[in-house]
Amino acid sequence: MEQVLARLRAAAEATRLRLLAICAECELTVSEITQIIGQSQPRVSRHLKLLCEAGLLVRFREGTWVFYRTPNTGPGAELLQPVLDLLPRDDETLLLDRTRLEQVKAQREQIATEYFRANADDWDRIRSLHIDEAVVERALVDAIGDLSGGRILDIGTGTGRILELLGKTAEEGVGVDMSREMLAVARARLQRADLSNCLVRQADMYQLPYPAGMFDVVTLHQVLHYAERPEAAIAEAARVLAPNGRLVVVDFATHDREELREEHAHRRLGFEDGAINTWFRACELSPGDVISLPGKPLTVRIWSAHASAKEQKSQITNNHNEAAE
């Protein structure tokens with residue numbers, strides 16, 4: 001009871017209700033929040049601290065930036081939604097906050113668009129070498145199946161397209177990437193698609209900031225060929241996979257296009273089925289059928305594997321440590 005009262009007391013203040021209302025829309029930095037509600041940063045920071053301590057907001061760091069958003073799950077989320085539902089939609093202050101929030105979203109969209117435009121030529125050149133991406137996406141959706149109520153992690157999320165594709169039916173979708181520029185593109189994409197159940201985080205694919213067994217589906221879409229240690233990336237993905245969960249890798253079959261290594265920083269010129277399946281088995285995952293999508297000249301393959309019905313956390317952790325050494 002005391003925890004519920006503490007959360008209610010934290011929410012029971014006009015500015016903090018405004019903060020909760022805008023942070024329920026999308027994740028925001030302190031500077032964006034001050035821009036929206038028109039108060040000083042020290043004052044805003046004090047309110048944010050109280051809301052985080054009460055479990056009504058979650059805080060995460062991305063380089064030098066700090067983002068805030070309302071939680072998707074847990075006691076704070078359960079209490080928060082009924083409170084937000086009570087806020088009048090025609091309140092003048094809240095309407096002004098929403099207007100300014102839309103301006104912040106538009107600024108993000110512009111930054112993301114400019115970055116994407118600057119790099120589009122490279123991406124289009126690579127896409128021209130393999131089968132149409134729409135075909136790959138349809139095959140990926142068919143391979144994963146029903147995600148209703150599940151949690152998905154997309155490692156190396158890039159533009160956030162896989163979250164946009166798969167996140168509509170998931171309970172929660174998380175995308176991780178090391179590039180802040182790509183995360184900005186992904187955030188803009190997800191807010192455009194109105195996927196409030198999906199979020200992105202800056203994280204290293206070799207050291208994911210999540211506990212073992214957290215996700216029902218983990219995807220590595222066109223990421224593994226950039227990895228110095230692909231077996232370690234697979235082991236870390238397997239570590240966070242829930243019992244009965246599925247790991248899906250989309251990448252190129254082996255090829256001889258050296259210019260991709262020289263001009264686009266590809267570390268591996270595709271992968272053999274045997275190598276991928278060996279890495280799956282090292283993590284005690286059961287490999288499934290391989291889907292092959294031939295292109296000219298690159299062939300895209302979709303490899304998938306299932307985790308055991310019972311948890312294998314200690315063994316998977318050991319395999320991850322060995323692969324990382």
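# A walk through the predicted fold

Leucine 247 of strand β8 stands opposite alanine 305 in strand β11, and this pair of residues is a convenient place to enter the structure, which is a predicted model. Strand β8, covering residues 241-252, is joined to β11, covering residues 300-306, by seven bridges, and these two strands run antiparallel. On β7, valine 218 also stands opposite leucine 247, which places leucine 247 across from a residue of β7 as well as from a residue of β11. Strand β7, made of residues 215-221, is joined to β8 by six bridges, and here the two strands run parallel. The strand β8 is mostly covered, with 10 of its 12 residues buried.

Between these parallel strands comes helix α10, and together β7, α10 and β8 make a right-handed β-α-β unit. Why is α10 described as largely enclosed by the rest of the structure? Nine of the 10 residues of this helix, which spans residues 230-239, are buried, so the rest of the structure largely encloses it. The buried residues of α10 are Pro230, Ala232, Ala233, Ile234, Ala235, Glu236, Ala237, Ala238 and Arg239, a list that includes the charged residues Glu236 and Arg239.

From β7 the reader can move to strand β4, since β4 and β7 pair in the parallel sense over four bridges, with isoleucine 152 standing opposite valine 217 in β7. Strand β4, residues 151-155, is mostly covered, four of its five residues being buried. Strand β4 also pairs with β5, residues 172-177, again in the parallel sense and over five bridges, and in this pairing aspartate 154 stands opposite glycine 175 of β5. The chain passes from β4 to β5 by way of helix α8, residues 161-166, in a β-α-β crossover that is right-handed. Read in order of pairing, then, β5 pairs with β4, β4 with β7, β7 is bridged to β8, and β8 is bridged in turn to β11.

The next stop is a pair of helices earlier in the chain. Helix α2, residues 14-23, packs against helix α4, residues 41-53, at an angle of about 75°, with the two axes 10 Å apart. Angles of 65 to 115 degrees count as roughly perpendicular, and α2 and α4 are therefore described as roughly perpendicular to each other. On the α2 side the contact is made by Thr15, Arg16, Leu19 and Leu20, while α4 contributes Arg43, His47, Leu48, Leu50 and Leu51.

Just beyond α2, in the loop that leads to strand β1 (28-29), lies glutamate 27. Is glutamate 27 buried or exposed? Its relative accessible area is 5%, and because buried means under 20%, glutamate 27 counts as buried. The side chain of glutamate 27 makes a polar contact with the side chain of arginine 187, at 2.6 Å, and another with the side chain of arginine 201, at 3.0 Å. Leaving out residues up to four places away in sequence, glutamate 27 touches Glu32, Phe60, Phe67, Tyr68, Arg69, Arg108, Arg187, Leu199, Val200 and Arg201.

Arg69, one of the residues touched by glutamate 27, is also touched by serine 196, as is Asn72, when residues up to four places away in sequence are not counted. Serine 196 sits in the loop between α9 (180-192) and β6 (198-202), and with a relative accessible area of 39% this serine is partly exposed. The C-alpha atoms of serine 196 and glutamate 172 are separated by 8.9 Å, although these residues are 24 residues apart along the chain.

A further loop residue brings the reader back to β11. Threonine 299 is found in the loop between β10 (291-293) and β11, and with a relative accessible area of 18% this threonine is buried. Apart from neighbours within four places in sequence, threonine 299 is in contact with Asp251, Phe252, Ala253, Ser292, Leu293 and Pro294.

Finally, these elements can be set within the chain as a whole, which has 13 helices and 11 strands. Of its 325 residues, 51% count as buried. Among the contacts in the chain with a separation of 6 or more, residues 24 or more positions apart account for 69%.

How values were computed
Residues are numbered from 1 along each chain as its sequence is written. This is a predicted model: local features need pLDDT of at least 70, side-chain atom pairs count only at pLDDT 80 or more; totals for chains, interfaces and linings use all residues. Side-chain values use heavy atoms; hydrogens and water are left out. Buried means under 20% relative accessible area, exposed over 50%, partly exposed in between (1.4 Å probe, protein chains only). Two strands pair if DSSP finds at least two bridges between them. A crossover is right-handed if, with the strands pointing away from the viewer, the path from the first strand over the helix to the second runs clockwise. A polar contact is a pair of N or O atoms within 3.5 Å; within protein, one must be able to donate a hydrogen and the other to accept it, and residues adjacent in sequence count only if both atoms are side-chain atoms. Contact means heavy atoms within 4.5 Å. Axes are lines fitted to C-alpha atoms, for helices over the stretch in contact, and angles run from 0 to 180 degrees between N-to-C directions. Angles under 35 degrees count as roughly parallel, over 145 as roughly antiparallel, 65 to 115 as roughly perpendicular and the rest as oblique.
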